[in-house]
Amino acid sequence: MSKILITGSESGLGDALFKALMQGGHKVYGFDHRFKDDVRSPDPKRIPSELDVLINCAGVNHQDWLEDMTPEAWSRVMDTNALGIMRM
């Protein structure tokens with residue numbers, strides 16, 4: 001039995017993996033917005049110690065053309081999708 005942390009476990013692929021791994025008998029922890037978790041500034045107290053696996057599924061999307069994105073929107077996307085992985 002592995003100890004697994006999944007970011008973005010509230011929906012999509014993260015949710016599907018969370019459910020499948022739980023059914024497979026693993027100890028799975030969800031890290032998502034339902035619990036005020038944020039990969040942009042993770043709280044170390046919310047991350048279980050001695051993990052076997054980390055699965056990064058957290059991500060945001062901006063519904064606009066790249067040329068129309070504001071610097072703030074670009075920062076939010078990159079801070080979550082790219083830097084969030086590093087922070088975890």
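Let me start with how the elements are named: helices (H or I, at least four residues) and strands (E, at least two) are DSSP runs, numbered from the N terminus. With that in hand, R87 has its place in helix α3, residues 83-87.

A word on what we are looking at, everyone. This is a predicted model, where local features need pLDDT of at least 70 and side-chain atom pairs count only at pLDDT 80 or more, while totals for chains, interfaces and linings use all residues. Residues are numbered from 1 along each chain as its sequence is written, and side-chain values use heavy atoms, with hydrogens and water left out.

Now the overall picture. The protein has three helices and three strands, and along the sequence they follow the pattern β-α-β-β-α-α. The C-alpha trace spans about 45 × 25 × 20 Å along its principal axes. Of the 88 residues, 28% count as buried; buried means under 20% relative accessible area, exposed over 50%, and partly exposed in between, with a 1.4 Å probe and protein chains only.

How do β1 and β2 pair? Strand β1 (residues 3-7) and strand β2 (residues 27-31) run in the parallel sense over five bridges, where pairing needs at least two bridges found by DSSP. Between these strands the chain passes through helix α1 (residues 12-23), making a right-handed β-α-β crossover. Right-handed here means that, with the strands pointing away from the viewer, the path from the first strand over the helix to the second runs clockwise. For one bridge to find on your screens, I4 has V28 in β2 as its partner.

Let's go back to R87. Is R87 buried or exposed? Neither, in fact: R87 is partly exposed, with a relative accessible area of 32%. Leaving out residues up to four places away in sequence, R87 touches V39, R40, P42 and D79, a contact being heavy atoms within 4.5 Å. E10 lies 77 residues from R87 along the chain, and their C-alpha atoms are separated by 19 Å.

Finally, the loop between β2 and β3 (53-56), where we find K36. K36 is not a glycine, yet has a positive phi of about 65 degrees. K36 is exposed, because its relative accessible area is 74%. E50 is found in the loop between β2 and β3 too, and its phi, near 55 degrees, is a positive value in a residue other than glycine. With a relative accessible area of 70%, E50 counts as exposed.

Thanks for listening!
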